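Reader: I would like to go through a structure feature by feature, and to learn how each kind of feature should be read before we turn to the case at hand.

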Amino acid sequence: MKTLTVNGQSHELDVPDDMPLLWALRDVVRLRGTKFGCGMALCGACTIHIDGQAMRSCVTPVSFAQGKAITTIDAIGEDPVGRRVQEAWLDLGVAQCGYCQGGQIMSATGLLKQNANPTDAEIDDAMSGNLCRCGTYTRIREAIHLAADAGEEKA
C-alpha cells in the first residue's frame with residue numbers, strides 16, 4: 001500500500017511503485033482534471049505540483065510522490081496564486097478547446113510562485129514545455145501578467 005497526499009487528503013493506494021502518477025490520480029483517486037497528453041513529458045497537459053514544483057505526472061512514478069504534497073488542477077483554486085491565475089484565464093478568455101489549459105494553469109501557477117513578476121521572456125521560457133494546439137500562447141502570456149499584477153495589488 002502506498003499513501004499519497006493529494007490536494008490535502010490522504011489516499012491509500014494498492015498500485016505498483018512504477019505506475020505513472022497520472023494514472024494513479026485519474027484511475028485510482030478519481031481526479032480527472034489532470035489530462036493525458038503525450039505520455040512522454042513533452043506536452044505538459046499532465047502537469048501537477050509536487051511539493052510546490054510543477055512536474056509532469058505522466059512520467060513521475062507513484063514511488064516518487066510518496067510523502068510529498070501533490071496538488072492537481074482540481075484544487076489549484078484553493079491556492080491564492082492558483083486562484084488569481086484561474087481568474088485571469090477567465091477574464092481574458094484564454095481557453096479555446098481547453099484540453100491543455102489545466103496543465104498550462106499549473107505551470108503558470110508554479111512560475112508565479114517562484115517569480116511573482118516575470119518578464120515575457122521568463123514566461124515564454126517557463127511555459128515552453130506546455131503545448132497548446134489552439135495557439136493561445138499570446139493570451140496565456142497576457143493572463144500570467146494579469147495574475148502577477150493582481151498579486152502586486154494585494155501586496
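Author: What follows takes up a helix, some single residues, a ring and the pockets in turn. Please keep in mind throughout that this is a predicted model.

Reader: Let us begin with helix H1; which of its residues are buried?

Author: The general idea is that an α-helix has 3.6 residues a turn, so residues three or four places apart point the same way. In this structure helix H1 spans residues 21-28, and its buried residues are Leu-21, Leu-22, Ala-24, Leu-25 and Arg-26.

Reader: Against which elements do the buried residues of H1 pack?

Author: Their partners are strand E1 (2-6), strand E2 (9-13), strand E3 (47-50), helix H2 (62-65) and strand E5 (69-71).

Reader: Could we look at one residue of that helix more closely, and ask whether Leu-21 is buried or exposed?

Author: Leu-21, which has its place in helix H1, counts as buried because its relative accessibility is 0%, and the cut-off for that class is under 20%. Leaving out residues up to four places away in sequence, Leu-21 touches Leu-4, Ile-48, Ile-50, Ser-57, Thr-60, Pro-61, Val-62, Ala-65 and Ile-70. A distance along the chain can also be set beside a distance in space: Leu-21 and Ala-45 are 24 residues apart along the chain, and their C-alpha atoms are separated by 13 Å.

Reader: Which other residue could I read in that way, and what does His-49 touch beyond its neighbours within four places in sequence?

Author: His-49 belongs to strand E3, and it is in contact with Ala-54, Ala-69, Ile-70, Thr-71, Ile-76, Met-106, Thr-109 and Gly-110 once those neighbours are left aside. With a relative accessible area of 2%, His-49 is buried. The C-alpha atoms of His-49 and Ile-73 are separated by 8.9 Å, with their positions 24 residues apart along the chain.

Reader: Turning to the loops, what is found just after H1?

Author: H1 is followed by Arg-30, whose phi is positive, near 70 degrees, and this value occurs in a residue other than glycine. Arg-30 has its place in the loop between H1 and E3, where it is exposed, with a relative accessible area of 53%. Val-29 is found in the loop between H1 and E3 as well, but Val-29 counts as buried, at 15% relative accessibility. Not counting residues up to four places away in sequence, Val-29 touches His-11, Leu-13 and Ala-24.

Reader: And what is the phi of Asp-51?

Author: Asp-51 has a positive phi of about 50 degrees although it is not a glycine. Asp-51 lies in the loop between E3 and E4, and its relative accessible area of 48% makes it partly exposed.

Reader: Where is Arg-139 placed, and with which residues is Arg-139 in contact?

Author: Arg-139 is in helix H6, which covers residues 137-154, and at 26% relative accessibility it counts as partly exposed. Apart from neighbours within four places in sequence, Arg-139 is in contact with Leu-92, Gly-93, Val-94 and Gln-96.

Reader: How should aromatic rings be read here, and how many aromatic pairs does the structure hold?

Author: In general, a pair of aromatic rings is described by the distance of the centres and the angle of the planes. The structure holds 1 aromatic pair. A ring may also have a charge over its face, and here Lys-68 lies over the face of Phe-64, at 3.4 Å from the ring centre.

Reader: Finally, what volume does the largest pocket have, and which residues are closest to its centre?

Author: A pocket can be read by its volume and then by its lining. The largest pocket has a volume of about 180 Å³. Its lining comprises 14 residues, of which Tyr-99, Cys-100, Leu-131, Cys-132 and Arg-133 are the closest to the centre. By class, that lining has 8 nonpolar, 5 polar and 1 charged residues.

Reader: Which residues line the second largest pocket, and which helix gives the most to that lining?

Author: The second largest pocket holds about 150 Å³ of space, and it is lined by Gln-53, Ala-54, Arg-56, Ser-107, Gly-110, Leu-111, Gln-114 and Ala-126. Strand E4 (53-56) and helix H4 (101-114) each supply at least two of the lining residues, and H4 gives the most, with 4 residues. By class, this lining divides into 3 nonpolar, 4 polar and 1 charged.

Definitions and conventions: Residues are numbered from 1 along each chain as its sequence is written. This is a predicted model: local features need pLDDT of at least 70, side-chain atom pairs count only at pLDDT 80 or more; totals for chains, interfaces and linings use all residues. Side-chain values use heavy atoms; hydrogens and water are left out. Rings of Phe, Tyr and Trp (its six-membered ring) pair if their centres lie within 6.5 Å; planes under 30 degrees apart count as stacked, over 60 as edge-to-face and the rest as tilted. A charge sits over a ring if NZ of Lys or CZ of Arg is within 6 Å of the ring centre and within 35 degrees of the ring normal. Buried means under 20% relative accessible area, exposed over 50%, partly exposed in between (1.4 Å probe, protein chains only). Contact means heavy atoms within 4.5 Å. On a 1 Å grid over the protein atoms alone, a cavity is a set of points where a 1.4 Å probe fits but cannot get out, and a pocket is an open set with protein on both sides within 12 Å along at least five of seven lines; lining residues have an atom within 4 Å of a point. Grid points are joined across faces, edges and corners, and a volume is the space filled by probe spheres set on the points. Ala, Val, Leu, Ile, Met, Phe, Trp, Tyr, Cys and Pro count as nonpolar, Asp, Glu, Lys and Arg as charged, and the others, Gly among them, as polar.
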